[in-house]
Amino acid sequence: MNKYVERIYNGIIKENPTFILVLGMCPTLAVTTSMKNGIGMGLSTMVVLVFSNLLISLLRKMIPDQVRIPAYIVVIASLVTVVELLMKAFIPSLYDALGLYIPLIVVNCIILGRAEAYANKSTPALAACDGIGMGLGFTLALTLIGFFRELIGAGTVLGFHVMPSGYQPVSIFVRAPGAFIVLGALIAILNGLNIRNNSSKKVEGCDGDCCSCGKHACSDRTAEQKQ
């Protein structure tokens, strides 16, 4: 797989910031009362992620190690301010719905984490692809959570009624407990699917206990079996 495509794929599937890494829980739980809010917060975060990764990668050789975290925060805060002003000017309804959580993108651990773990060690193109992947993964997660919470809690999707007229909305799903319920259920389902897929790929003779395995990787076992 192309290394640029791989960074995007990893961010969406293998290293999804919400379902796999369990990062950015504050906006994930707070703003996903509707699908629209989830999409808006996810895309806003993705824009900041892509440009912060790109700028930090371009400046990585000029930022001293002693002040790299404050420098990252200055870059991220500047981008968040731009996004906030644009949203306030062109999408005021979404700006009002997201409220305080737009400026709080500055301290979103996904953005700072990717800057520290990947952008400052990679080329600008790879850093940008990493931001796209992580941003899309975060947007997908928030959209899914918002979809189920809005559907079950209000009987609507993107504001349109889709449930039968006799449906009684379960209002707990658009409140705080509903966020935990939906997030936990989705993580459990995805982990179950991942465990099933991993078990089907096990090498013969592997008991799944990687910690006590004497081999460096499963490829060592495969190579032995081919000999």
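**Thr156.** I looked up the contacts of Thr156 in this predicted model and, leaving aside residues up to four places away in sequence, I found that Thr156 touches Glu150, Leu151, His161 and Val162. I then checked where Thr156 sits, and I placed this residue in strand S1, which covers residues 156-157. Is Thr156 buried or exposed? I read a relative accessible area of 9% for Thr156, and because buried means under 20%, I noted Thr156 as buried.

**H4 and H6.** I turned next to helix H4 (residues 68-90) and helix H6 (residues 109-117), whose axes come within 11 Å and cross at roughly 130°. That angle makes H4 oblique to H6, and I recorded the crossing of the two helices as right-handed. Which residues of H4 and H6 meet? From H4 I listed Arg68, Ile69, Tyr72, Ile73 and Ile76, and from H6 I listed Ile111, Leu112, Ala115 and Glu116 as the residues they meet. Sorting this contact by class, I counted seven nonpolar and two charged residues, with no polar residue in the contact of H4 with H6.

**Ile13.** My last entry concerns Ile13, which I located in helix H1, spanning residues 3-14. The relative accessible area of Ile13 is 44%, and because the partly exposed class lies between 20% and 50%, I entered Ile13 as partly exposed. I also looked up the C-alpha atoms of Ile13 and Met134, and I noted that they are separated by 9.3 Å, while the two residues are 121 residues apart along the chain.

Note on methods. Residues are numbered from 1 along each chain as its sequence is written. This is a predicted model: local features need pLDDT of at least 70, side-chain atom pairs count only at pLDDT 80 or more; totals for chains, interfaces and linings use all residues. Side-chain values use heavy atoms; hydrogens and water are left out. Helices (H or I, at least four residues) and strands (E, at least two) are DSSP runs, numbered from the N terminus. Buried means under 20% relative accessible area, exposed over 50%, partly exposed in between (1.4 Å probe, protein chains only). Contact means heavy atoms within 4.5 Å. Axes are lines fitted to C-alpha atoms, for helices over the stretch in contact, and angles run from 0 to 180 degrees between N-to-C directions. Angles under 35 degrees count as roughly parallel, over 145 as roughly antiparallel, 65 to 115 as roughly perpendicular and the rest as oblique. A crossing is left-handed if the near helix is turned anticlockwise from the far one by less than a right angle, and right-handed if clockwise. Ala, Val, Leu, Ile, Met, Phe, Trp, Tyr, Cys and Pro count as nonpolar, Asp, Glu, Lys and Arg as charged, and the others, Gly among them, as polar.
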